Structure formats: C-alpha cells, structure tokens
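Good morning, and thank you for joining this meeting. I would like to take you through one structure, beginning with its helices and ending with some individual residues.

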Amino acid sequence: MATVLTRGGKVPLSERSDSDRDEKPGPNPSTLSVNSIPPLGAPKEEKRFFFQRDRGYDPDAIATQVSVFDDPDTAEKYQPRPDWENTHRFDPLARWTWAEEYKIVRKIDLRIMVWACIMFMALELDRANISQALTDNFLGDLNMNTNDYNLGSTVFKLSFLCAELPSQLVSKWVGPDRWIPAQMTLWSLVAAGQFWLSGRGSFLACRALLGMLQGGFIPDIILYLSYFYKHHELSLRLGFFWTAMSIADILSALLAQGLLRMRGVAGHPGWRWLFLIEGLITMLIGIFAFLLMPAGPCQTKSWFRGKNGWFTEREEKVIVNRVLREDPSKSDMHNRQPITPRLLWQSLKDFDLWPLYILGLVFQIPMTPPAQYLTLSLRGLGFDTFTTNLLTIPYTVLHMITMLAITYAAEIFGELTFVAMLGQIWTLPFLIYLNAVDTSLVNRWILWAVTTLLLSFPNPHPIQVGWNSRNSNTVRSRTVSAACYNMFVQAGGVISSNIYREDDKPRYKRGNRQLLAVLCMNIVLYLLVKVYYVSRNKQREKKWDTMTEEQRLEYLATTTDKGNKRLDFRFQH
C-alpha cells in the first residue's frame, strides 16, 4: 500500500492516559468524553489470506488499526470533504472485528466484483472474437490479407487508446455507474452490426467504432472498484478480473465451436452469426448493468436492488471507514465531480508515475504477436477450424493459473517489481527456442506445446494496474493515471500488431528476433524502475527524518503538496 506515515512519538487517543486524553479527546472534543473513545485493534500485520491465518488468529478481535484519524493533531488534516458522498458514514470512532470485515468483503465480492467480471467478459467476447472469425475464412470472405488484419488491429487499438482518457473524464463527471452501462449498450450495437461487414472499409470502420466505445472501460471499472476495496484487496481482485477475461476467451472458443457451424444458415458464413449473437449477449448485460451498479457503497438502494439496499448502515460504516483508514485520499473528490483542465494537467505531468507507464507500453509486446496469430498459425500447421479453436483453451487455462499465482505472490511477499518481472523471465527460453530452431521442420504438436507454454506466462497486468493506483494517492491522479497506464498498454498493442508482417511469414524470423530484443530490454527496465522508486523513497526519508516533530506538524498544516508529492508518502515497489 502507498502509506501515509504517522509521526513517531505520537500515541493514538485510545492508548493515551486519562490526562493525555483530556487535552484533545478526539476529532470533536465538544462531543466526546474521555471514556467514549473505544480501543483500537492490536497493531499487527493483517493476515490477508485464509491460508496465512494460524491458530493465533482471533476472528472476534478488533480489526480497526491505527490511522491518522486517531491522532487529533493529524485527524483534522485528513477529514473527508463535506460533499463527499459517504461523509455521513465516516466515523473515526467506529470499530469492527476481523470476522465482520472479512464477511463484508465477501459480500462486496458477490455484489460488486462478480458483476464487474461479467461485464469484462462481455467486453472480451466482443473484442477477441475476431480470432475465432479468422478460422472461418473471415479474411477470404472479405477479400483481405494479413496486412489488412494488422491494420484493423492497429486501428482498433489506436481508437481504444485515444478514447481512454476522454472516457475516464466522462466517467468521473457523470459517475461510472451510469457511464459503463451506456458504453456497453453502445458498443454492443456495433459488435452485432459486424454481421453486415462487406469489405475492408466496413471492417476498419467497425474496428474504429468498437475501439472508441470500449476505450476507457477498464480504467472506469478500476476507479469504481477502488471505492469499495483496500489497495491490496484491489490488486488481488484485479487478478480475478483479468482471469475473467481468460474465462471469456475459453467461452469464446467454445461458443465458436457451435456458432461457426452455422455457416450456410440463411446463406451467411458462420463468422457473421458469431458477431451478431455475441453482440446481442453484450447488449443484454449492458441493460442489466444500469440496474446492478450502485454509485457507491452508501448508494445501493433502488427499486431493483431493494428499498433497503445491499448493505446495512453498520456495513456501510465499516466499508467506508476501513477504506479511508488505509488511504484518506479516497475522500478528496466526490464520485460525480469532474476533473478540471488544471487538475488534468497536474496529473499528466506527474513524472513519478511515468516509469509504470513505460512498463505498460512494453511488458506485453514479446507475447502479443504469438497470441494474435495463434489461430492463423495453427491453421497453417494443418489443424482444422474446430480443432484450432479448441487448441487455444489450454494456454488460456494455464495463463489464468500463473497470473493469479503471481498476483497473490506479490501481496504475500510484499514485492511488486521482481514478481512482475517473472513474466519476462518465463517467456525468455521459449522465444530463444523460436529464434534458434527452424520451425518449419518441427513436429506441429511440439510447436503447439512451445507456443502454449509461451502464452501461459504469468501476466503481471493486475499487479501493475494496482501498483499504479497505489502510487497515485489521490482520486484525481488515480482517475487520470488509470487511463494513462491503459493508453500506454494499448500503444504497446499497436506496436505488437505490426511486428509479424506478410513478407515475414510463415516463420516470422525477423519478428521473433525483435520480440527477443524487446524482452531483454524489459528485464533491464524493471530493474531501473525498482532503482527509481527506492531512490525516491530514500530522498524523502532523508528530508522527513531531519524534521522535528513541530516541523512535521507545521508541514502537514501548511503544505501545498498533493498526493504522491507529499513528503509523508512512500512509493510502493
């Protein structure tokens, strides 16, 4: 977690003597008596996963940990703004047990996270079903070639990229609970409309429209989920979020098994029915999203969700206070407050987040071209349409397992950079093999196995998205940085789409050499990012440690530094 440091020497109100408490008994001395301040939980490292909880774990122990709200000298500096949508549930004296907290988190998972994953699966169906269409003579039916397909991928990703930030700004203005369902409904119309593609022009137009309407969906969801989860919880949920994408890929392959067999129905090829039916599925999910997405943890009441909402008043209070105790910056903007041009510029020029943006640009390049061309490559190896689609499932399953494994590992060991770098190290030997061996002479099942293992790499995307959110430290910065990071990821996709070229097929020798070179560069970049954040933290610690207690209080009271520019903030790495 990106932490707000408490000052040494200060004792929380609940642990002070009676005489100390009489001086400043809490955030509102006029309404609090000495004995009304409940005790905090024993300071300890949270056991985040069930397999970490030993016999010493007490579910009935107080879970509320020390925060800046327990020190009257700092509490007033971090108070939620009056117009924040959850202010009425903020209570620095609220206490709850570990059993309560874990039960509420499971409830959030069921009500919020599961639906977020379903929506993401719908997005993946509509942007990835082009791979299944390729196996049904899609390019031949539209009189196109590999370069036309590359151009379509580039147009889609450029449109997706360009829409990221505007979409995120609209989402922050009107609220993700309104904008995300609107996005889904609109892009489903375009996705289903691909049934009527007639050639290269209509193909490129649809790819552009899909990119424009789908762009911003991912950062919108990430911002939305941050209203409900702590930082480490969000990182883990993002692991399941991208696992949902892999599940969608599996479902897409299975659906293609049936839908592509509709070739000839009403005189149309199977890929047209694939686009139409999967687009209509997304439209249905988009309509339900209007009904199932509350604006925030304290706004769940509606005619569809029930007049009492999903959470009790007690549960709302726990959700709000546990999140704010970990990161007080989450209350610095209303969830329907727009980002002004000045705030946008402040976020864009935040150079401390650019190392993560650069990682987002390059970290998936070595793996993307083999994934994009997998179905075409398998057809080239002699596998038929339906076997090809089924052979994409094993790597997807392995990819889910490895991605979740490193996401958990990053939180268990408290190490982001080196764990994220494992994806590059995993891929290295397989790319070396593709460069060293004449693949035209290799048994097709061996080549499939190598490619499957390469694409099963542990993807650090959930780690890096959560990492970016932690190091933002304001809602304003988190809103913009989520979009910027994903823009760089999409830009990396544009680069990837132009590495395998028509004149380099079928072995793509030149392209594989380029992928290996980029991978080696990535390993160096991860090490440089580690060095950068370690050095930035040391610089701040040096300044902070030289300040007296009074100087630190003066800094907290008068500083104009915001978010991750504060001296009491430490970057995660």
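What follows is a short account of selected helices, their contacts and a few single residues. Please keep in mind that this is a predicted model.

Let me begin with helix α9, which covers residues 231-259. What span should its 29 residues have at 1.5 Å a residue, and how far apart are its end C-alpha atoms? The expected span is 42 Å, and the end C-alpha atoms lie 41 Å apart, so the two values agree. As to its surroundings, α9 is mostly covered, with 23 of its 29 residues buried.

I turn now to pairs of helices. Helix α3, residues 98-134, packs against helix α10, residues 270-292. Their axes are 10 Å apart, and the packing angle is about 165°. The two helices are therefore roughly antiparallel to each other; the cut-off for that term is an angle over 145 degrees. The crossing in which α3 passes α10 is left-handed. On the α3 side, the contact is made by W115, I118, M119, A122, L125, D126, N129, I130, Q132 and A133. On the α10 side, the residues are W271, L274, F275, E278, G279, T282, I285, F288, A289 and L292. By class, this contact comprises 14 nonpolar, four polar and two charged residues.

A general point may help in reading such lists. An α-helix has 3.6 residues a turn, so residues three or four places apart point the same way.

The second pair is helix α18, residues 417-436, and helix α19, residues 444-455. Here the angle is about 150° and the axes are 9 Å apart. That angle makes α18 roughly antiparallel to α19. The crossing of α18 and α19 is left-handed. From α18, the residues W426, T427, F430, L431, Y433 and L434 meet I446, L447, V450, L453 and L454 of α19. The contact of α18 with α19 has ten nonpolar residues, one polar residue and no charged residue.

The third pair is helix α17, residues 393-413, with helix α20, residues 461-470. Their axes come within 9 Å and cross at roughly 35°. In α17, the contact residues are M403, I406, T407, A410 and E411, and they meet P462, I463 and R470 in α20. This contact divides into five nonpolar, one polar and two charged residues.

Let me now move to single residues, starting with backbone angles. Which phi value does N143 have? The phi of N143 is near 55°, a positive value in a residue that is not glycine. N143 sits in the loop between α4 (138-141) and α5 (146-174). With a relative accessible area of 72%, N143 is exposed. A266, also not a glycine, has a positive phi of about 60°. Its place is the loop between α9 and α10. A266 is exposed, its relative accessible area being 61%.

Three further residues deserve a place in this account. L213 belongs to helix α7, residues 200-214. At 23% relative accessibility, L213 counts as partly exposed, because that class runs from 20% to 50%. Beyond its neighbours within four places in sequence, L213 is in contact with Q183, L186, W187 and V190. Of these, L186 is 27 residues away along the chain, and the C-alpha atoms of L213 and L186 are separated by 6.9 Å.

F418 is found in helix α18. Is F418 buried, partly exposed or exposed? F418 is partly exposed, with a relative accessible area of 38%. When neighbours within four places in sequence are set aside, F418 is in contact with L527 and K530. F418 and K530 are 112 residues apart along the chain, and 8.3 Å separates their C-alpha atoms.

Finally, H573 lies in the segment after α23 (549-558). The relative accessible area of H573 is 23%, and H573 is partly exposed. Which residues does H573 touch, not counting those up to four places away in sequence? They are E415, L416, T417, W467, K530, Y533, V534 and N537. K530 is thus a contact of H573 and also a contact of F418. As for S159, which is 414 residues from H573 along the chain, the C-alpha atoms of S159 and H573 are separated by 31 Å.

That concludes the presentation, and I thank you for your attention.

Technical notes: Residues numbered from 1 in each chain as written. Predicted model: local features only at pLDDT ≥ 70, side-chain atom pairs only at ≥ 80, totals over all residues. Heavy atoms only, no water. Helix = DSSP H or I, 4+ residues; strand = E, 2+ residues; numbered from the N terminus. Expected span 1.5 Å × (residues − 1). Buried < 20%, exposed > 50% of the residue type's maximum accessible area, 1.4 Å probe, protein only. Axes fitted to C-alpha atoms, helices over the stretch in contact; angles between N-to-C directions. Parallel < 35°, antiparallel > 145°, perpendicular 65-115°, else oblique. Left-handed = near helix turned anticlockwise from the far one by under 90°. Contact = heavy atoms within 4.5 Å. Nonpolar A, V, L, I, M, F, W, Y, C, P; charged D, E, K, R; others polar.
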